[in-house]
Amino acid sequence: MPGRKSAAPAVRWLSSVLALRLRQIERDFPSYSAFVAKAGISPKTLGLLRNGKGNPSFKTLLTLAESFEISVWSLLGIRDETARLGAETFGLSAEDVHDLVSPDHLD
């Protein structure tokens with residue numbers, strides 16, 4: 001599109017990782033409609049994210065992670081242990097990080 005900036009490489013990479021993870025998670029469901037029903041977000045938004053498009057809010061990522069019963073880190077292709085170790089380098093415990101990324105914290 002004229003006049004529209006393309007997404008930064010980091011954003012494109014993150015969108016690609018999220019799309020791949022969503023497709024991996026989808027394989028655990030008997031059908032695409034079951035996957036959509038479990039996701040907790042609109043089918044249109046899920047379809048965009050599954051195809052590497054869109055720009056999910058953190059709340060959307062939390063909803064997806066909670067719906068699929070995984071951590072946000074796992075949803076983004078980051079091992080929970082790696083996230084925990086990273087948080088510790090900033091003086092945060094795993095519980096501190098969990099509290100910060102819980103849906104209750106966003107309300």
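The exercises below work through a predicted model of one protein chain, moving from its overall make-up to single helices and residues.

**Exercise 1. Determine how many helices and strands the protein chain has, and what share of its residues is buried.**

Begin with the secondary structure, which comes to eight helices and zero strands, so that the order of elements from the N terminus on reads α-α-α-α-α-α-α-α. Next turn to burial: of the 107 residues of the protein chain, 30% count as buried. The surface can then be described, since the chain exposes about 7,300 Å², of which carbon and sulfur atoms supply 57%. Finally, consider how contacts span the sequence: among those between residues at least 6 apart, 56% join residues at least 24 apart.

**Exercise 2. Find which residues of helix α3 are buried and which helices they pack against.**

Helix α3 covers residues 43-50, and within it Leu46, Gly47, Leu49 and Arg50 are buried. These residues lie on the same side of α3, because they cover an arc of only 165° around the axis. A general point about helices helps here: an α-helix has 3.6 residues a turn, so residues three or four places apart point the same way. The buried residues of α3 pack against α1 (9-26), α2 (32-39) and α4 (58-67). Just after the helix, Gly52 takes a positive phi of about 75°.

Not every residue of α3 is buried, as Thr45 shows: this residue is in helix α3, and with a relative accessibility of 31% Thr45 counts as partly exposed. Its C-alpha atom is separated by 9.3 Å from that of Asn55, which is ten residues away along the chain.

**Exercise 3. Work out how α1 and α2 are each oriented relative to α3.**

For the pair α1 and α3, the axes come within 7 Å and cross at roughly 115°. Angles of 65 to 115 degrees count as roughly perpendicular, and α1 and α3 are therefore roughly perpendicular to each other. On the α1 side the contact is made by Ser15, Leu18, Ala19, Leu22, Arg23 and Glu26, and on the α3 side by Leu46, Leu49 and Arg50.

For the pair α2 and α3, the packing angle is about 110° and the axes are 10 Å apart, which makes α2 roughly perpendicular to α3. Here Tyr32, Phe35, Val36 and Ala39 of α2 meet Pro43, Leu46, Gly47 and Arg50 of α3.

**Exercise 4. Identify the residues of the largest nonpolar core that touch the most other members, and the helix that gives the largest share.**

The largest nonpolar core has 17 residues, and those touching the most other members are Leu22, Leu46, Leu64, Phe68 and Leu75. Five helices contribute, with α1, α2, α3, α4 and α5 (72-75) each supplying at least two residues of this core, while the largest share, four residues, comes from α4. In soluble globular proteins, nonpolar side chains tend to be buried together. To see one of the core members in its surroundings, take Leu75: leaving aside residues up to four places away in sequence, Leu75 touches Leu18, Arg21, Leu22, Ile25, Leu61, Leu64, Ala65 and Ile70.

**Exercise 5. Decide whether Thr60 and Ser67 of helix α4 are buried or exposed, and name what each one touches.**

The cut-off needed is that buried means under 20% relative accessible area. Thr60 is in helix α4, and at 18% relative accessibility Thr60 counts as buried. Not counting residues up to four places away in sequence, Thr60 touches Ile41 and Leu49. Thr60 and Ile41 are 19 residues apart in sequence, with 7.3 Å between their C-alpha atoms.

Ser67, also in helix α4, is buried with a relative accessible area of 16%. Under the same exclusion of sequence neighbours, Ser67 touches Lys38, Ala39 and Gly40. The buried residues of α4 include Leu61, Leu62, Leu64 and Ala65 as well.

**Exercise 6. Describe what is notable about the phi of Glu69, and where this residue lies.**

Glu69 lies in the loop between α4 and α5. Its phi is positive, at about 55°, although Glu69 is not a glycine. For comparison, most residues other than glycine have a negative phi. As for its surroundings, Glu69 is exposed, with a relative accessible area of 66%.

Note on methods. Residues are numbered from 1 along each chain as its sequence is written. This is a predicted model: local features need pLDDT of at least 70, side-chain atom pairs count only at pLDDT 80 or more; totals for chains, interfaces and linings use all residues. Side-chain values use heavy atoms; hydrogens and water are left out. Buried means under 20% relative accessible area, exposed over 50%, partly exposed in between (1.4 Å probe, protein chains only). The arc is that of the directions from the helix axis to the C-beta atoms. Contact means heavy atoms within 4.5 Å. A nonpolar core is a set of buried Ala, Val, Leu, Ile, Met, Phe, Trp, Tyr and Cys residues joined through side-chain atoms within 4.5 Å. Accessible areas come from the Shrake-Rupley method with a 1.4 Å probe; for residues, only the protein chains shown count as cover. Axes are lines fitted to C-alpha atoms, for helices over the stretch in contact, and angles run from 0 to 180 degrees between N-to-C directions. Angles under 35 degrees count as roughly parallel, over 145 as roughly antiparallel, 65 to 115 as roughly perpendicular and the rest as oblique.
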